[in-house]
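Student: I would like a close look at one part of this model, followed outward to whatever it connects with. Please keep it to what can be read from the coordinates.

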Amino acid sequence: MSDKHLAAGSTCPPLHPGVLRCYSMRYCPFAQRTRLVLDVKGANFEIVNINLQNKPDWFLAKNPLGKVPALEIDGETIFESDILCDYLDELYPEPALYPKDPWKKANDRVYVELWSKVYAPMYKIYFAKGDKQVIAKAFEEFLSGLDIFEAELARRGTTYFGGEKPAMLDYMIWPHSERFSMLSLLAGDGHEIPQHRYPNMFSWIDRMKEDPAVKKIYFTPEEHLKFVEGLIGGNPPFDG
């Protein structure tokens, strides 16, 4: 499939029987979650990118929420990144991305939900329009959210949240973590993430960058900044 993002007036690419299709947007962190899990699972899948500011009618017919990611197979569609990733973990049992222990599995899901304390303030910074007070408050909220994950990774005492290799929680929180350097560029001077406060998270980020699945979806801070600045300006460069 082409990387081009399909917009209103386009034609839905023909489906192939038995082939899993992922509707995505290259710079969407939630779509990146699903693409990571698809790759880790070794799934046979195709990507169709959607222009989220000018959505095709055929996509809205498949997904009334109009959001990515969404998965389709044989004309049936499901959506929401956490639901999709849990589905994929059941559909492709190996490698298992959740702990076998039910409590530990539930706890990882709790931390996926807690991650909103990190990424929600990031969006406040994106759309602060340079308001220094809004940025300063949101940045402190962001750091407070990150404190939760620094403490949890230290408590687990492991290289990754999943142990000695990345697991579901690692892949679910990675896409926003990839944007941390971009966030500091966007927020401006005085809003660097202090490494001494987050030694475990910075080590985790360095290791995650070497993960084969992460390497396939990775964008540089400058590439992310270009997209976010376009998004703020009302003209996001979906196709680069």
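In which helix does Leu114 lie?

Tutor: The model is a predicted one, and Leu114 lies in helix α4. That helix spans residues 102-114. The relative accessible area of Leu114 is 24%, so the residue counts as partly exposed; the reason is that buried requires a value under 20% and exposed a value over 50%.

Across the sequence, Leu114 has partners in a later stretch. Once the neighbours within four places are set aside, Leu114 is in contact with Ile148 and Phe149. A further residue for reference is Gly145: 31 residues separate Leu114 from Gly145 in sequence, and their C-alpha atoms are 8.0 Å apart in space. Helix α6 covers residues 132-156.

Helix α6 also holds Phe139. At 3% relative accessibility, Phe139 counts as buried, whereas Leu114 is partly exposed. Without counting neighbours within four places in sequence, Phe139 is in contact with Ile125, Leu183, His191, Glu192 and Ile193. Of these positions, Ile125 belongs to the range of α5, 116-126, and Leu183 to that of α8, 180-187.

Helix α8 leads on to Ser184, which has its place there. Ser184 has a relative accessibility of 15% and so counts as buried. Beyond residues up to four places away in sequence, Ser184 touches His191, Glu192 and Ile193. Those three residues are likewise among the contacts of Phe139. Phe139 and Ser184 themselves are 45 residues apart in sequence, with a C-alpha to C-alpha separation of 9.3 Å.

Back at α4, this helix has a part in both of the pockets described here. The second largest pocket has a volume of about 390 Å³. Its lining takes at least two residues from each of α4 and α6, and α4 gives the largest share, four residues. The lining has 19 residues in total, and those nearest the centre are Leu97, Tyr98, Pro99, Gly162 and Ala167. By class, eleven of the lining residues are nonpolar, two are polar and six are charged.

The largest pocket has a volume of about 590 Å³. It is lined by 29 residues, and Cys28, Pro29, Phe30, Val68 and Tyr123 are the closest to its centre. The elements that supply two or more residues to this lining are α1, α3, α4, α5 and α11. The lining divides into 17 nonpolar, five polar and seven charged residues.

Helix α3, another contributor to the largest pocket, carries the description towards the strands. Its buried residues are Ser81, Leu84, Cys85, Asp86, Leu88 and Asp89. They pack against α4, as well as β1, α1, β3, β4 and α7.

Strand β1, one of those packing partners, covers residues 20-24, and five of its five residues are buried. In a regular strand the side chains alternate between the two faces of the sheet. In β1, Leu20, Cys22 and Ser24 point one way and Arg21 and Tyr23 the other, yet all are buried.

β1 pairs with two strands. Its pairing with β2 (residues 45-49) is parallel, over five bridges, and Ser24 has Asn49 as its bridge partner in β2. Together with α1, these two strands make a right-handed β-α-β unit. Its pairing with β3 (residues 70-73) is antiparallel, over three bridges, with Cys22 standing opposite Leu71.

β3 in turn pairs with β4 in the antiparallel sense over four bridges, where Glu72 stands opposite Thr77. β3 and β4 form a hairpin with two residues between them, and Asp74 in the turn has a positive phi of about 50°.

To return to the starting point: Leu114 is a partly exposed residue of α4, in contact with Ile148 and Phe149. Helix α4 lends residues to the lining of the largest pocket and to that of the second largest.

Terms used: Residues numbered from 1 in each chain as written. Predicted model: local features only at pLDDT ≥ 70, side-chain atom pairs only at ≥ 80, totals over all residues. Heavy atoms only, no water. 1 Å grid on protein atoms, 1.4 Å probe; cavity = no way out; pocket = protein on both sides within 12 Å on 5 of 7 lines; lining within 4 Å. Points joined across faces, edges and corners; volume = space filled by probe spheres on them. Nonpolar A, V, L, I, M, F, W, Y, C, P; charged D, E, K, R; others polar. Buried < 20%, exposed > 50% of the residue type's maximum accessible area, 1.4 Å probe, protein only. Contact = heavy atoms within 4.5 Å. Pairing = 2+ DSSP bridges. Right-handed = clockwise from strand over helix to strand, strands pointing away.
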